[in-house]
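Here's a quick tour of the fold you're about to look at. Have the viewer open and follow along.

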Amino acid sequence: MSSDLGGEGQFMDLRGKAAFITGGASGIGLALAKRCAAEGMTILLADIEQGALLSAAQLLRGEGVKVFTYILDVGNLDQYREVANSVLSEHGAPHLLVNNAGVAWKAPASGATPEDWRWMVSVNVLGTGYGISLFVPAMIDSGQQGYVINTASITGLITSPGTSAVYSATKHAVLAVSETLAHELRPHGIHVSVLCPGSVATNITEADRNLPAEVERSAITAAAEEERAFTRSFVSNGIASDAVADQAFAALAERRFYVITHPEYREEIETRHRQIEAAIAGEPASDVGLLQFAKQMLNLQPLT
Ligand SMILES: NC(=O)c1ccc[n+]([C@@H]2O[C@H](COP(=O)([O-])OP(=O)(O)OC[C@H]3O[C@@H](n4cnc5c(N)ncnc54)[C@H](O)[C@@H]3O)[C@@H](O)[C@H]2O)c1
């Protein structure tokens, strides 16, 4: 059933309009594609994994949905330019742009290799930036209302010592660009929402299936595998990706910016903000809460 997503009193029928979704072959991206399909949208599905992409397209087509697929490494600018040019010439500016493709990999601040940095920044940050640069000007020029969804993470709002410093840095970057983009696009009638999920049951714990050859596999020690097993069980107990997609669409309908699917992280977010507020007020550092939190994260924090 399609819904009124116009917001601010305007009806906006998404039927027949195009959604371009990166990382659309699995997890949250695929769930968003299914949600777009339920609205009657045409799906432009992009992913680095050809097999998974074709299976996802087949699944959606089985529901009678119009789907076009694009093999794309979002961190590869030449390839992204080619895909964007063909999308724009064949379908025009997308109505909904979803910058969702992302990878998580164990990389503590003190132990990440330059290649760890390059891979995660390339997919999570440049992939998002390229998507914005290559599609948003055409969305503005179209003069139509539209939407952008960027997938950050709860680790865009808090940090996680010990495991995922680099991942967290990339998600802070996605959040920052989303906040500024939301302001820039408001006058053009384009609404931006940013997804900040905690654990969602997807294939993210196997993100290294797409690991580029130059990233050290030697980082996968027995201890790292043990940690991955913990992360895997944490993530597989996470919420369903369909629930994230439902919350994302509810946010679009209400024109909400932050999509916080895991309210249980409230205390961590507040603790961080209290430290900053105390510093602004020139109060003595009361970082007990933060240290306790850091300790807890060192022991428990999974990668996402
Ligand atoms: N699952 C979680 O717990 C969780 C929590 C917070 C945020 N996220 C974010 O959600 C987004 C989607 O991840 P997911 O959990 O659905 O994982 P997933 O692994 O199930 O899906 C990610 C998809 O992105 C694709 N991809 C990977 N590298 C790519 C590249 N270079 N170019 C294009 N596509 C690429 C993968 O092939 C896969 O289809 C990511 O940005 C991730 O950081 C996930």
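In what order do the seven strands line up in the open sheet? The order is 3-2-1-4-5-6-7, with parallel pairing. Keep in mind that this is a predicted model. Around that sheet, the protein chain has nine helices to go with its seven strands.

**The chain overall**
- Of the 304 residues in the protein chain, 49% are buried.
- The chain exposes about 13,900 Å², and 54% of that comes from carbon and sulfur atoms.
- Among contacts with a separation of 6 or more, 73% link residues that sit 24 or more positions apart.

**The sheet and its edges**
- Strand 3 (67-71) and strand 7 (258-259) are the edge strands, each of them pairing on one side only.
- Strand 1 pairs with strand 2 through five bridges, and the two run parallel.
- In that pairing, T22 stands opposite A46 of strand 2.
- To get from strand 1 to strand 2, the chain passes through helix 1 (residues 27-38), making a right-handed β-α-β crossover.
- Strand 1 also runs parallel to strand 4 (residues 96-99), joined to it by three bridges.
- Here F20 stands opposite L97, and A19 stands opposite L96.

**Strand 1, covered on both sides**
- Five of the five residues of strand 1 are buried, so the rest of the structure largely encloses this strand.
- A18, F20 and T22 are buried on one side, and A19 and I21 are buried on the other, so to speak sandwiching the strand between two covered faces.

**The nonpolar cores**
- The largest nonpolar core has 51 residues, and the members touching the most others are F20, Y80, W119, M120 and V148.
- Strand 1 (18-22), strand 2 (42-47), helix 3 (77-91), helix 4 (114-141), helix 5 (165-185) and strand 6 (190-195) each put in at least two residues of this core.
- Helix 4 gives the largest share, with nine residues.
- W119 touches V103, W105, A207, D208, N210, L211, P212 and V215, once residues up to four places away in sequence are set aside.
- Apart from the largest core lies another one, of 33 residues, including A57, I149, A251 and V259.

**A closer look at L53**
- L53 belongs to helix 2 (residues 50-61).
- L53 is buried, with a relative accessible area of 0%.
- What does L53 contact beyond its neighbours within four places in sequence? The list is A25, L45, A46, D47, T69, Y70 and I71.
- One of those contacts, A25, is 28 residues away in sequence, yet its C-alpha lies 4.6 Å from the C-alpha of L53.
- A46 turns up twice in this tour: L53 contacts A46, and T22 stands opposite A46 in the sheet.

**Cysteines**
- How many disulfides does a search of the whole structure find? The count is zero.
- C36 is buried at a relative accessible area of 0%.
- C196 also counts as buried, again with 0% relative accessibility.

Terms used: Residues are numbered from 1 along each chain as its sequence is written. This is a predicted model: local features need pLDDT of at least 70, side-chain atom pairs count only at pLDDT 80 or more; totals for chains, interfaces and linings use all residues. Side-chain values use heavy atoms; hydrogens and water are left out. A nonpolar core is a set of buried Ala, Val, Leu, Ile, Met, Phe, Trp, Tyr and Cys residues joined through side-chain atoms within 4.5 Å. Buried means under 20% relative accessible area, exposed over 50%, partly exposed in between (1.4 Å probe, protein chains only). Helices (H or I, at least four residues) and strands (E, at least two) are DSSP runs, numbered from the N terminus. Contact means heavy atoms within 4.5 Å. Two strands pair if DSSP finds at least two bridges between them. A crossover is right-handed if, with the strands pointing away from the viewer, the path from the first strand over the helix to the second runs clockwise. Accessible areas come from the Shrake-Rupley method with a 1.4 Å probe; for residues, only the protein chains shown count as cover. A disulfide is a pair of cysteine sulfur atoms within 2.5 Å.
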